[in-house]
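Me: I would like to work through a structure with you, feature by feature, and learn how each one is read. Could we begin once it is in front of us?

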Amino acid sequence: MSRSNWTADFLIRVSTNITVTHIDIASATLWQIESYAWQRFAELAVQQNLRWAAGWAEQLDKQFFINACFEKHGEYVLLRTIIGDSNPELPSQATVYPAANRSERHTQDLFGIKFIGHPDNRRWTRHQAWIEKNYPLRKDFPVQGTPVGITPPDRDYPFIKAYGQGVYEIPVGPVHAGIIEPGHFRFQAVGELILNLEERLGYVHKGIEKIAEGREPESLARLAGRVSGDTTVGHCWAACMAMEQAAGIEIPARAALIRGILAERERVANHLGDIGGICNDVAFVFAQMQLTRLRELWLRTNAMVFGHRLLMDKIIPGGVACDLSDESCALIKKDIAELRMELAEVILVLDLNSSLEDRLYTAGFLSEEIAAAFGTLGYVGRASGQDFDLRRDAPYAPYNRVTVKVALETQGDIASRFWVRYKEIRTALRLIENFIDQLAAGDIRSEWKTPLAGSEGLGIVEGWRGEIISYIRFDADNKIARFYPRDPSQLNWPALEKLVLNNIVPDFPVCNKSLNGSYSGNDL
């Protein structure tokens, strides 16, 4: 089946089983179905190899709109059903798609929607910060919540237990001996061999979805840029893309090219840091120091050229907040040449280090089958044979003007995730040079148009961790009614529980770093 006609063929297959209302929106095809067929659609979708990409809900009047996003060959279907708010329940898609598991639990905790047949309906987002039967994303819940003093510890979460001779349990976190964000990891092991790992996240729940309500576009863009601080460009771009779709705005060509430069600079900085972090977790401190130095020089150029080391608030609704002078373009190209030269020397040292090979090769193995089942994204998915990159497979401006070479590995181990990152740095450097060469005089921002109430948009971009999806619905008077950002980490984190199995406990840090999920991006 060609990349351009699978949706039509699939709609015919689905329509023989389910009544579908078909509506075209930007970035995706919207199909609305009856609630009883929610799980049946997932069964048909998995048979046709559709990837489950995102799920969220919203409350409108006395109804809930439940949404799920599916992808195949770079084309997206936004599935929607509507249920009443008196006894909201829906068949679970997590029984078919493991990727939907935590998303449905999130919706359960914040909206009070029951997913019938869900394989694990323990609370996920709700620790103890609000009482049971209170649902923060319902319209009657105040944005400031109902604080009752100090939040009690979440000591009674029913972790999975393991029994047997020699089996013991190791609790790690949520507070760690470092500056990383909080997350709890519960191991069962025999000797040093990991039998099971269970994650408990949500400790940095910020109420992003709630405090987005009522904001105007520029304020929403600033909030989106803080969903995950290391992905400020990616999240801000996705949110602005969604708002621009809802408003019917096309950004100027120069603004799109600058957005591309910003996104690729963010990708390079984070991959440099991750490669160094992987080396540090196996005690190869020399490499970590060199890569940290290179990342620092890269960030200083960000500050000099764009005014912010991490590039926050440089993407705005309708375009970008910063232009590039000829001198700045020359400086960026000079930095690229220097980084290429120094990075090649560092990578050669790493490639010839046999003790590093011993720690990275075959460790942290994630099979192609498990990677596909969990919908893993970015370098995690591409290191396990998942050949998908939005910049190539569903190109948006400015990537529709270039050829993107996608790094792909099939071994699925830490070394594969290491090398995918390195190859993506090389691709990013070429893309930045290409975008600079294409810069032509022109505007960097389009005039904003107030969207009609009810207008919606779906922004989908390739962040440095992988595909980012942002959904926006506008209310009246240019105000945001609903904002949902899906970070790649939401789909990548569960894969960590699988790739550590049969590894030794001391290898957990490097396994974890090779995935490097965002706590903040997962904990909305």
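Me: In which strand of the chain is confidence lowest, and in which is it highest?

Reply: This is a predicted model, and the place to begin is the predictor's confidence in each residue, pLDDT. Confidence in the chain is lowest in strand β1 (residues 21-25), where the mean is 57, and highest in strand β11 (residues 315-316), where it is 98. For the chain, the mean pLDDT is 92, with 96% of its residues at 70 or more.

Me: How is a pair of packed helices described?

Reply: For two packed helices one gives the angle between their axes and the distance between the axes. In this model α8 (285-306) packs with helix α9 (residues 326-351) at an angle of about 175°, the axes lying 11 Å apart. Angles over 145 degrees count as roughly antiparallel, and α8 and α9 are therefore roughly antiparallel to each other.

Me: Which residues make that contact, and how do they divide by class?

Reply: On the α8 side the contact includes F286, L291, L294, L297, W298 and F306, and on the α9 side it includes L331, I332, I336, L339, L343 and V346. Divided by class, the contact of α8 with α9 has 17 nonpolar, three polar and three charged residues.

Me: How much space lies in the largest pocket, and which residues are closest to its centre?

Reply: The largest pocket holds about 1200 Å³ of space. It is lined by 33 residues, of which I179, I180, D274, K513 and N516 are the closest to its centre.

Me: Which helices supply the lining of the largest pocket, and what is its make-up by class?

Reply: At least two lining residues come from each of α7 (253-280), α8 (285-306), α16 (508-515) and α17 (519-522), and α7 gives the largest share, six residues. By class, the lining has ten nonpolar, 16 polar and seven charged residues.

Me: Turning to the backbone, where are P174 and P398 found, and what are the peptide bonds that lead into them?

Reply: The bond from G173 to P174 is cis, with omega near 15°, and P174 sits in the loop between β8 (167-172) and β9 (184-190). A397 and P398 are likewise joined by a cis peptide bond, with omega about 10°, and P398 belongs to the loop between α13 (390-393) and α14 (414-438).

Me: What is phi of H73, and where does this residue lie?

Reply: H73, a residue other than glycine, has a positive phi, near 55°, and lies in the loop between β4 (63-72) and β5 (75-84).

Terms used: Residues are numbered from 1 along each chain as its sequence is written. This is a predicted model: local features need pLDDT of at least 70, side-chain atom pairs count only at pLDDT 80 or more; totals for chains, interfaces and linings use all residues. Side-chain values use heavy atoms; hydrogens and water are left out. On a 1 Å grid over the protein atoms alone, a cavity is a set of points where a 1.4 Å probe fits but cannot get out, and a pocket is an open set with protein on both sides within 12 Å along at least five of seven lines; lining residues have an atom within 4 Å of a point. Grid points are joined across faces, edges and corners, and a volume is the space filled by probe spheres set on the points. Helices (H or I, at least four residues) and strands (E, at least two) are DSSP runs, numbered from the N terminus. Ala, Val, Leu, Ile, Met, Phe, Trp, Tyr, Cys and Pro count as nonpolar, Asp, Glu, Lys and Arg as charged, and the others, Gly among them, as polar. Axes are lines fitted to C-alpha atoms, for helices over the stretch in contact, and angles run from 0 to 180 degrees between N-to-C directions. Angles under 35 degrees count as roughly parallel, over 145 as roughly antiparallel, 65 to 115 as roughly perpendicular and the rest as oblique. Contact means heavy atoms within 4.5 Å. pLDDT is the predictor's confidence in each residue, from 0 to 100.
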